[in-house]
Amino acid sequence: MEAALAAALAGPRGANPLVGAVVLSPDGEQLAVGYHRGAGTAHAEADAILEARRRGVKLEGTTMVVTLEPCNHVGRTGPCAQAIIDAGIARVVYAIDDPHDPAAGGARTLQAAGVEVLAGLAVERALDLNRDWFDAVAAKRPFVTLHIAQTLDSRIAAVDGTSQWISSPESLADNHGLRGLIDAILVGTGTVLVDNPRLTARAPDGKLAGRQPLRAVMGLREVPKDAAVRGTDGRFVQLTTRDPREALGELFDRGVRHVMVEGGSSILSTFLAAGLVDELIVYQAPTLLGSGTPALNDLGITTLADAQHWSWDDAGGGAVRTLGNDLRLHLRPTRTAATKTTTLVPRSEAAEFATGGH
């Protein structure tokens, strides 16, 4: 399970949980490791099975250890429970049940096919791995990534409004890679009126990526008919609200499960002040302006005791990376004892480990 948890961190956060899987021989030898690489790619279990087959490993009679209950539904990929059954894997050990209703029930399917199933190993660590995703699922809202591209003195534009480009070409390329993975990108009407962004996912040569996010604009001001964000593909929506929860609810109803909030200052601050940010990505340029548009407005914090605290996040490539001249900072909210996700109790009939912490 330690190896599965470590493998899970190689994947990106977002619409799907981080999941790692390890295949073991009958005598406990580690044969193959897999992890989920993002929406639309093979789940960790299928990835581990593919890796095992690539190595010529015979899967009949082996054990799979996985950080989350194998899924039981058909989405962009097939059900992992059936893939495990078809591979001839004899035993599955997983940490925690999948709380997502469409995917739940994998343990029962496995047991019905004669696979031995054990649940509850390393529950607390598995919960912490995906606690923000669990919260988003429970609240029936998209997972929220907040993106800031700023100078050393936390400015996102100069006094005259110029902001292209604060970030390095490498940071811009990384951001467009993220755009290709998310379901929707959200900005405020102020950003549209000032910058007229396209909000598309593009390759370094400027060509459109194969997968494009829904382009969403939040605010009460009308988006101009000729605004670039409207595009011509029908993948544009204006959310006529200033309430971040209402905006997320509308996006969720449209099938959005991962949204990236990009700006400007007002919308970034609104989501942070509401406690609705699950992941923070900051591109920090080695540039000073001294004045101009700050990245954030007032968050309503008047004393240090009420400050928001964030923790470095090693998922998806590491907490701190160098991109050209920039630093890419990856963080997740720090949870106190009072704000930790409620421990989920397994609902499956799978046997539980005595040390599972239930």
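User: How do you know that the structure holds 0 disulfides?

Analyst: This is a predicted model, and the call rests on sulfur distances. A disulfide needs two cysteine sulfur atoms within 2.5 Å. The sulfur of cysteine 71 is 3.7 Å from the closest cysteine sulfur, which belongs to cysteine 80. Seen from cysteine 80, the closest one is in cysteine 71, again at 3.7 Å and too far for a bond. So that pair doesn't make the cut-off, and the count is 0.

User: Are those two buried or exposed, cysteine 71 and cysteine 80?

Analyst: Buried means under 20% relative accessible area. Cysteine 71 comes in at 6% and cysteine 80 at 2%, so each counts as buried.

User: What makes strand 9 largely enclosed by the rest of the structure?

Analyst: Strand 9 covers residues 214-218, and 5 of its 5 residues are buried, so the description fits. Leu214, Ala216 and Met218 point one way, while Arg215 and Val217 point the other way, and all are buried. That fits the usual pattern: side chains of a regular strand alternate between the two faces of the sheet.

User: Which way do strand 8 and strand 9 run when they pair?

Analyst: They run parallel, joined by 5 bridges. Two strands pair if there are at least two bridges between them, so 5 bridges is enough to call strand 8 and strand 9 paired. One of the links has alanine 184 with leucine 214 of strand 9 as its bridge partner. Between these strands the chain passes through helix 8 (residues 189-195), in a right-handed β-α-β crossover.

User: How do you know that strand 9 pairs with strand 10?

Analyst: Same test: at least two bridges are needed, and strand 9 has 4 with strand 10 (residues 236-239), in the parallel sense. Valine 217 stands opposite glutamine 238 of strand 10.

User: Why are strand 2 and strand 17 called edge strands?

Analyst: They belong to an open sheet of 6 strands, ordered 2-1-3-4-5-17, with mixed pairing. Strand 2 (30-35) and strand 17 (351-352) each pair on one side only, and that's what makes them edges. Inside that order, strand 3 (residues 63-68) and strand 4 (residues 91-96) run parallel with 5 bridges, and methionine 64 faces valine 92 in strand 4.

User: Which strands does helix 2 lie across?

Analyst: Helix 2 (residues 44-54) lies across strand 1 (20-24), strand 2 and strand 3, at about 140 degrees to strand 2.

User: What covers the buried residues of helix 7?

Analyst: Helix 7 (residues 169-179) has buried residues including Ser171, Asp174 and His176. Their cover includes strand 6, strand 8, strand 11, strand 12, strand 15 and strand 16.

Definitions and conventions
Residues are numbered from 1 along each chain as its sequence is written. This is a predicted model: local features need pLDDT of at least 70, side-chain atom pairs count only at pLDDT 80 or more; totals for chains, interfaces and linings use all residues. Side-chain values use heavy atoms; hydrogens and water are left out. Buried means under 20% relative accessible area, exposed over 50%, partly exposed in between (1.4 Å probe, protein chains only). Helices (H or I, at least four residues) and strands (E, at least two) are DSSP runs, numbered from the N terminus. A crossover is right-handed if, with the strands pointing away from the viewer, the path from the first strand over the helix to the second runs clockwise. Contact means heavy atoms within 4.5 Å. Axes are lines fitted to C-alpha atoms, for helices over the stretch in contact, and angles run from 0 to 180 degrees between N-to-C directions.
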